[in-house]
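Me: I would like to learn how to read the features of a model like this one. Can we take the strands before the rest?

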Amino acid sequence: MITLRQLRYLTSLARHRHFGRAAEDCAVTQPALSMQVRELEREIGAELVERRPGDIVLTETGLEVAQRAERILAAARDLVDFARHRDVLTGQLRFGIIPTLAPYVLPRVLPRLQERYPALRLEVRETQTRLLLDELSSGELDCIMLALPVEGVDVETLKLFDDRFLLAAPSSEPLPARKRVAVDDVDQSRLILLEEGHCLRDQALAFCATKGRDLPAGLGATSLTTVMQMVANGYGVTLLPEVAVETEARDSRVKLLRFTEPEPARAVGLAWRRTSPRKKDFEALGTIIGEALSHGRLMQSAQRSESAH
């Protein structure tokens, strides 16, 4: 009889490609994990793993079984969620978020979420979009916050807000003749971007790239904070999401310029498995996020008004 434990061990082995690391991930001994995978192979009647010294490779059948196993495990977690979480936002919720949102959204959202839903145990995972989607699909995460749209027919999404981009440039640069700058005016050869794998990099290139123009500056970084320090020190310019302005644009060596209409922006929202029974939880989470960020924008507007007087 095939067990969920065997399927979990196989999917971990597929991710890590190493018996030792898979055993550590599953909190079991390596012999115990290996024995369960062998038993799974006997139950299925096919070799799933090609064993090599210091490495393993899943067979064609093994890859297909591992993919199907991920869907089965996700469905099993959804079944447990259905039985346990009858009240909105109670119990454990595994939440993923991209790095270009986490430092700016979580400090505003978490206090409000804790106050409104004290019975919720939120586990946060911050990583890049591709990994978040993989972990959502496999059931390791319940809900993720990222830039939309999201590819995948098995995912349901909820748009939360449009996050406009501003041009961040060294304050020593002369101001443009007009109050706003056009996307075509951005010198792509001076554009500083996040390193490969960040969706914000792809979005910036999509907005600014034009055939026949120079490639972006040969500078990449793992965080917006590093990018903004490069801008402050005169290495180039970048596109800064509006949600990050309060945190990242405090340096007097940096100035921000609005783009002409239509302003470039990214749509930000939540995504979850279409089969999840916790849609009401995710909608409630979306409401809290919207309230927290709206309150933050109102506070910023009030502060700007006071400073103007």
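Reply: We can start from one pair of residues: the bridge partner of A168 is T238, in β9. Keep in mind throughout that this is a predicted model.

Me: How many bridges join β6 to strand β9, and how do the two run?

Reply: A pair of strands is read by its bridges and its direction. Here 4 bridges join β6 to β9 (residues 238–241), and the two strands run antiparallel.

Me: Which residue stands opposite L167, and in which strand?

Reply: In a regular strand, side chains alternate between the two faces of the sheet. As for the partner, L167 stands opposite L257 in β10. β6 and β10 run antiparallel and are joined by 4 bridges.

Me: And how many bridges join β6 to β11?

Reply: There are 9 bridges between β6 and β11, again an antiparallel pair. One residue to look at is R164, which stands opposite A265 in β11.

Me: R164 is an arginine. Which residues do salt bridges join with R164 into one network?

Reply: Let us take a single bridge before the network. The side chains of D251 and R253 meet in a salt bridge, 2.7 Å from N to O. D251 counts as partly exposed because its relative accessibility is 21%, and R253, at 34%, is also classed as partly exposed. As for the network, salt bridges with shared partners link R164 with R180, E242, R258 and E263.

Me: How many salt bridges are there by this rule?

Reply: The count comes to 23. One of them is between the side chains of E246 and R108, at 3.2 Å from N to O. E246 is in helix α9 (residues 245–248) and R108 in helix α5 (residues 102–116), so this pair ties together parts that are 138 residues apart in sequence. E246 counts as partly exposed, with 34% relative accessibility.

Me: Which side chain meets R112 in a salt bridge?

Reply: The partner of R112 is E291, with 3.7 Å from N to O. R112 belongs to helix α5 and E291 to helix α10 (residues 279–308), so the bridge ties together parts 179 residues apart in sequence. Both ends can be checked for exposure. R112 is partly exposed, with a relative accessible area of 25%, and E291 counts as partly exposed at 28%.

Me: Now a residue inside a helix. Is Q203 buried or exposed?

Reply: The approach is to compare the relative accessibility with the cut-off. Q203 has 15%, and buried means under 20%, so Q203 counts as buried. Q203 is found in helix α7 (residues 199–208).

Me: Which residues is Q203 in contact with, leaving aside neighbours within four places in sequence?

Reply: With those neighbours set aside, Q203 is in contact with A147, F165 and R266.

Me: Let us turn to the backbone. Which peptide bond ending at P149 is cis?

Reply: For a peptide bond, the angle to read is omega. From L148 to P149 the bond is cis, with omega near 5°. P149 lies in the loop between β5 (143–148) and β6 (155–170).

Me: What is omega for the bond that joins E261 and P262?

Reply: Omega is about -5°, and this peptide bond is cis. P262 sits in the loop between β10 (254–257) and β11 (265–273).

Me: What is the phi of R17?

Reply: Phi is the other backbone angle to check here. R17 has a positive phi of about 55°, although R17 is not a glycine. Its place is in the loop between α1 (4–16) and α2 (19–26). With 39% relative accessibility, R17 counts as partly exposed.

Me: Where is L89, and is L89 buried or exposed?

Reply: L89 is in the loop between α4 (60–84) and β3 (91–97). Phi of L89 is near 50°, a positive value in a residue other than glycine. L89 is buried, with a relative accessible area of 0%.

Me: Last, the confidence. What pLDDT does the chain average?

Reply: The chain averages 86, and 87% of the residues score at least 70. Local values still need a look. Over residues 298–309 the pLDDT is below 50, and this stretch has 2 contacts in the model beyond near neighbours in sequence.

Terms used
Residues numbered from 1 in each chain as written. Predicted model: local features only at pLDDT ≥ 70, side-chain atom pairs only at ≥ 80, totals over all residues. Heavy atoms only, no water. Buried < 20%, exposed > 50% of the residue type's maximum accessible area, 1.4 Å probe, protein only. Contact = heavy atoms within 4.5 Å. pLDDT = per-residue confidence, 0-100. Salt bridge = Lys/Arg side-chain N within 4 Å of Asp/Glu carboxyl O. Pairing = 2+ DSSP bridges.
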